[in-house]
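Subject: Structure handover and notes

Hello,

Please find the structure below, followed by my notes on it. Could you look through them when you have time?

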Amino acid sequence: MGRTIVTTSHKPDNESVEIARQAAEILQAELVERDRLPFTRLREKYNAENVLVAARGQITIHTPSGECFFHPSMSVPRVKAIRQGRTDHMVEAMALKTGDYMLDCTLGLGADSVVAAFVVGESGKVVGVEAAAELAYLVKCGLAGYREGPKFLREVMPRIEVVHDNCEQYLLAQPENSFDIVYFDPMFRYSRRKSSSMEPLRGLVKPDPLNSRLIKEAFRVAKRRVVMKENSFSKEFAELGFTRVIGGRYSPVAFGVIDKQEAAR
Ligand SMILES: C[S@@+](CC[C@H](N)C(=O)[O-])C[C@H]1O[C@@H](n2cnc3c(N)ncnc32)[C@H](O)[C@@H]1O
């Protein structure tokens, strides 16, 4: 995870200047003058890898592999499909329902959390944990301030609680059975999926695969299920104890399930 600096567009409005100031303070990153410089020059001048830019009231992160801003991406068609009564493999794997508490240990850009927050509704809760501070901040601001798209999504997004932390630390601090579902969508398989919206963030995010210590903690915190998204034919499912795999026949990804009731039998 390289160094990040914060700046504005070439001719920023007052709102963007204030957003940049707040971002720099929260991320404890250096706030620098844009000085009409292109990103390559800014990186060289400040010995930084990532540039967080506030412009027109929005935040964008520029990394050496591309540019990233908050957008609900696939959560829009997925929620529309759920509203039409169609199956979503993640929701099915979680057996997620109204009122559930779901802990997303790998928030990323938050698309899976948005889908989950729609399903659990106002009586439920979704907490998304993200290890990369810049990304957690981008998504927190994005979820709180999203003004486009359908109302049913705009209502759901601000209900997601974003936490900047390593999920292992976060899980260790949670009581037993405190979330119905604990969910993981780790990063490493994306090296084979260049089209992913996470790709520009590759240098910024935490790339580590999951390990059995994490799964053990997740099992303690989950009341019903631990679920992991992975490549359909990944060996990780078996290696980490995911006995059931849902989806994947026609899709490159699948969802592994550890069900606590089944495990207790
Ligand atoms: C593939 S992305 C998740 C995408 C997400 N499901 C979505 O819908 O946008 C994986 C994310 O998990 C984060 N991550 C990986 N290991 C983590 C950990 N131990 N704790 C918290 N976040 C982690 C990475 O920084 C990355 O942003």
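Asparagine 177 sits in the loop between α8 (167-172) and β9 (179-184); helices (H or I, at least four residues) and strands (E, at least two) are DSSP runs, numbered from the N terminus. Its phi is near 55°, a positive value in a residue other than glycine. Asparagine 177 is partly exposed, at 37% relative accessibility. Here buried means under 20% relative accessible area, exposed over 50%, and partly exposed in between (1.4 Å probe, protein chains only).

This is a predicted model, in which local features need pLDDT of at least 70 and side-chain atom pairs count only at pLDDT 80 or more, while totals for chains, interfaces and linings use all residues. Residues are numbered from 1 along each chain as its sequence is written, and side-chain values use heavy atoms, with hydrogens and water left out.

Arginine 56 also has a positive phi, of about 45°, although it is not a glycine. Arginine 56 lies in the loop between β3 (50-55) and β4 (58-63) and is exposed, with a relative accessible area of 75%.

On the ligand: 22 residues surround it, and Asp112, Glu130, Cys167, Asp185 and Lys206 come nearest (a residue is near if one of its heavy atoms lies within 4 Å). By class, this shell has 13 nonpolar, 4 polar and 5 charged residues; Ala, Val, Leu, Ile, Met, Phe, Trp, Tyr, Cys and Pro count as nonpolar, Asp, Glu, Lys and Arg as charged, and the others, Gly among them, as polar. Both α5 (111-120) and β7 (125-130) supply at least two residues of the shell.

Polar contacts are pairs of N or O atoms within 3.5 Å; within protein, one must be able to donate a hydrogen and the other to accept it, and residues adjacent in sequence count only if both atoms are side-chain atoms. A backbone N or O atom of leucine 109 is 3.1 Å from a ligand oxygen atom. Polar side-chain atoms of aspartate 112 and aspartate 185 each lie by a nitrogen atom of the ligand, at 2.9 Å and 2.7 Å respectively. The protein covers 96% of the 600 Å² of accessible area that the ligand has on its own (Shrake-Rupley method, 1.4 Å probe; for residues, only the protein chains shown count as cover).

Last, helix α1 (residues 14-27). Ser16, Ile19, Ala20, Ala23, Ala24 and Leu27 are buried in α1. Seen down the axis, the buried residues of α1 fall within an arc of 130°, so they line one face of the helix; the arc is that of the directions from the helix axis to the C-beta atoms. Asn14, Glu25 and Ile26, on the other side of α1, are exposed.

Regards
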